[in-house]
Every structure is written in structure tokens, then in C-alpha cells.
Amino acid sequence: MLGKKIIIPKGYPFEGKILKEEISPEMIHARNVQIGKEISNTYKNKNPIIIGVLNGAFLFMADLVRTLNVEYEVDFIKISSYGDDIKSSGTITLLKDISADITNRHVLVVEDIVDTGMSVKFLKNRLEDARPKSLKFATFLYKNNVSKLNFDIDWIGFKIDEKYYIGYGLDLKQKFRGLPGAYTINDKG
Ligand code: PRP
């Protein structure tokens with residue numbers, strides 16, 4: 001737990017409410033180490049390209065790759081569905097494409113959250129067009145009751161409920177991305 005109460009400032013959604021820690025930095029680290037072992041086993045001698053989905057995945061990606069004991073390359077893609085809103089716009093916009101040539105390569109996409117599932121569906125379609133040798137997905141958070149997917153996410157950090165999550169890459173109108181744990185909004189705050 002962080003030492004002090006975090007209150008949502010003026011001008012932000014849920015203004016005046018207090019953040020409630022749901023997943024601590026220690027829990028995140030322990031889970032990252034577990035997932036990292038599995039990913040290392042999967043990609044031994046395969047030199048995968050690990051693609052982080054900006055902006056949200058930057059912390060999870062950075063922590064996850066540091067638990068790996070295999071060779072890998074990194075790249076990034078930037079898409080947007082939420083913008084500064086707290087609800088998905090329903091349309092995915094590609095803001096920055098990957099630079100790597102992923103044809104015939106093993107590819108692992110790293111997301112911060114699978115919410116409706118629209119973003120990962122978009123990414124799967126787009127990246128499959130380049131005919132990678134394999135395509136897998138890892139996400140820090142997965143919204144169990146919301147995500148409607150016709151394929152599996154290979155590595156899930158934590159399955160969560162329908163609340164709005166903030167921290168560890170996830171923002172509230174671009175704020176709070178750097179918090180080391182994952183938080184929800186305390187209704188009583
Ligand atoms: C968030 C998150 C995922 C996506 C998940 O991105 O990073 O990419 O939404 O939601 P979905 O499963 O409903 O598609 P956002 O558009 O907020 O951009 P950001 O990563 O820059 O915060």
C-alpha cells in the first residue's frame with residue numbers, strides 16, 4: 001500500500017473519490033515472475049518479437065521482459081479506443097504501427113487490459129496479415145464478464161471484475177499511469 005491516501009483531483013472523472021488498492025505491487029511482481037517463467041519456456045531458442053501496446057502496457061511490458069531468461073526483441077504499437085474517456089469509443093484507431101518485420105517470426109503481444117476485447121481482436125487481425133510464425137497474447141488484467149473473444153489470451157496476470165481500474169499503466173484521463181499497483185475507485189470515498 002502506498003503511504004498516503006490518493007484522492008482524485010478536480011476536473012477528473014470520479015473527482016474527490018479515493019483510490020482503493022486492489023492488486024499490490026508485491027502481487028504484481030510475484031505474478032510477473034510466474035508468467036515470465038512460462039513465457040521463457042515457450043520461447044526457448046525462438047527469439048520472439050515482443051510487441052507492447054502503447055500507452056497502457058509500458059509498465060507491464062518493462063517488468064515482464066526483465067523476468068525472462070530467453071533472447072527476445074521488442075517493438076511497440078499504439079492504438080486507441082478510449083482516448084481520455086472512461087468508456088470505449090467502439091472504434092479502434094491505429095496511432096503508431098510496428099516497425100519490425102514480423103513475417104515468419106514468433107510474436108507475443110503485451111496488453112495492459114482486455115476489457116471489451118475489441119483491441120486484441122483488432123491487433124490479432126492486423127498482425128496475422130503479416131503472417132507471423134506464431135502469435136500469442138499476454139495481458140496484465142482481463143475483464144472476465146465483459147471480454148467477448150473467440151480466441152484465448154495465453155497469459156493473464158489477473159482476472160478482474162467490471163470496475164474501472166487505474167495504475168500500473170492504466171490511466172484516468174492520462175493520470176495515474178505510474179502507480180505501482182492497480183486501484184479501483186472507492187465508492188465510499
Ligand atoms: C486501453 C488498453 C487496451 C484497451 C482495452 O487502451 O490499453 O489497449 O483499452 O480495451 P478493450 O478490450 O475494450 O478494447 P486505451 O484506448 O485506453 O489507450 P491507452 O493504452 O493509451 O490508455
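# Charges, turns and a buried glutamate

Biologist: Which residue does R177 form a salt bridge with?

Modeller: R177 pairs with D171, and the closest N and O atoms are 3.5 Å apart. Keep in mind that this is a predicted model.

Biologist: Are R177 and D171 buried or exposed?

Modeller: Both R177 and D171 are buried.

Biologist: Which residues are joined into one network by salt bridges that share partners?

Modeller: That network is made of K20, E22, D161 and K163. One of the salt bridges in the structure is between K20 and E22, where the closest N and O atoms are 3.5 Å apart.

Biologist: And how exposed are K20 and E22?

Modeller: K20 is partly exposed, with a relative accessible area of 37%. E22 is at 24% relative accessibility, so E22 also counts as partly exposed, since that class lies between 20% and 50%.

Biologist: How many salt bridges does the structure hold?

Modeller: There are 10 salt bridges. Another one of them joins the side chains of D154 and K136, at 3.8 Å from N to O. That pair links distant parts of the chain: D154 is in the loop between β6 (134-143) and β7 (155-160), K136 is in strand β6, and they are 18 residues apart.

Biologist: What are the relative accessible areas of D154 and K136?

Modeller: D154 has 34% and is partly exposed. K136 has 26% and is partly exposed too.

Biologist: Stepping back to charge, how many positive and negative side chains are there?

Modeller: The chain has 28 positive and 24 negative side chains. The centres of the two sets lie 2 Å apart.

Biologist: New topic. Where is E111, and is E111 buried or exposed?

Modeller: E111 lies in strand β5, which covers residues 106-114. The residue is buried, yet E111 has no salt bridge.

Biologist: How far away is the nearest side chain of opposite charge?

Modeller: That side chain belongs to R177, and it is 9.1 Å away from E111. A salt bridge needs the nitrogen within 4 Å of the carboxyl oxygen, so a pair at 9.1 Å does not count. R177 is also the partner of D171 in the salt bridge we began with.

Biologist: What is E111 in contact with, then?

Modeller: Leaving aside neighbours within four places in sequence, the contacts of E111 include V53, A57, F60 and I79. S119, V120 and L123 are also among them, as are A138, T139 and F140.

Biologist: S119 again: which serine outside the strands is in contact with S119?

Modeller: S81, which is found in the loop between β3 (73-80) and β4 (93-96). Apart from neighbours within four places in sequence, S81 is in contact with S88, S89, T91, I92 and S119. At 8% relative accessibility, which is under 20%, S81 counts as buried.

Biologist: On to the backbone. Which residues does a cis peptide bond join?

Modeller: L54 and N55, with omega at about 0°. N55 sits in the loop between β2 (49-54) and α2 (58-65).

Biologist: What about phi of F14 and N45?

Modeller: Phi of F14 is near 65°, which is positive in a residue other than glycine. N45 is not a glycine either, and its phi is positive at about 60°.

Biologist: Where do F14 and N45 sit?

Modeller: F14 is in the segment before β1 (18-23), and F14 is partly exposed with a relative accessible area of 32%. N45 is in the loop between α1 (25-42) and β2. With 80% relative accessibility, N45 counts as exposed.

Biologist: Now the overall fold. How many helices and strands does the chain have?

Modeller: There are 3 helices and 8 strands. Read from the N terminus, the order is β-α-β-α-β-β-β-α-β-β-β.

Biologist: What is the radius of gyration?

Modeller: The chain has 17 Å. A compact globule of 189 residues would have a value near 16 Å, so the two agree. The C-alpha atoms fill a box of roughly 50 × 35 × 30 Å along the principal axes.

Biologist: What share of the residues count as buried?

Modeller: Of the 189 residues, 45% count as buried. The accessible surface comes to about 9,800 Å², and 48% of that belongs to carbon and sulfur atoms.

Biologist: And what share of contacts join residues at least 24 apart?

Modeller: It is 67%, taken among contacts between residues at least 6 apart in sequence.

Definitions and conventions: Residues are numbered from 1 along each chain as its sequence is written. This is a predicted model: local features need pLDDT of at least 70, side-chain atom pairs count only at pLDDT 80 or more; totals for chains, interfaces and linings use all residues. Side-chain values use heavy atoms; hydrogens and water are left out. Helices (H or I, at least four residues) and strands (E, at least two) are DSSP runs, numbered from the N terminus. Buried means under 20% relative accessible area, exposed over 50%, partly exposed in between (1.4 Å probe, protein chains only). Lys and Arg count as positive and Asp and Glu as negative; His and the chain ends are not counted. Contact means heavy atoms within 4.5 Å. The radius of gyration is taken over C-alpha atoms; the globule rule is 2.2 Å times the number of residues to the power 0.38. Accessible areas come from the Shrake-Rupley method with a 1.4 Å probe; for residues, only the protein chains shown count as cover. The place of a charge is taken as NZ of Lys, CZ of Arg, CG of Asp or CD of Glu.
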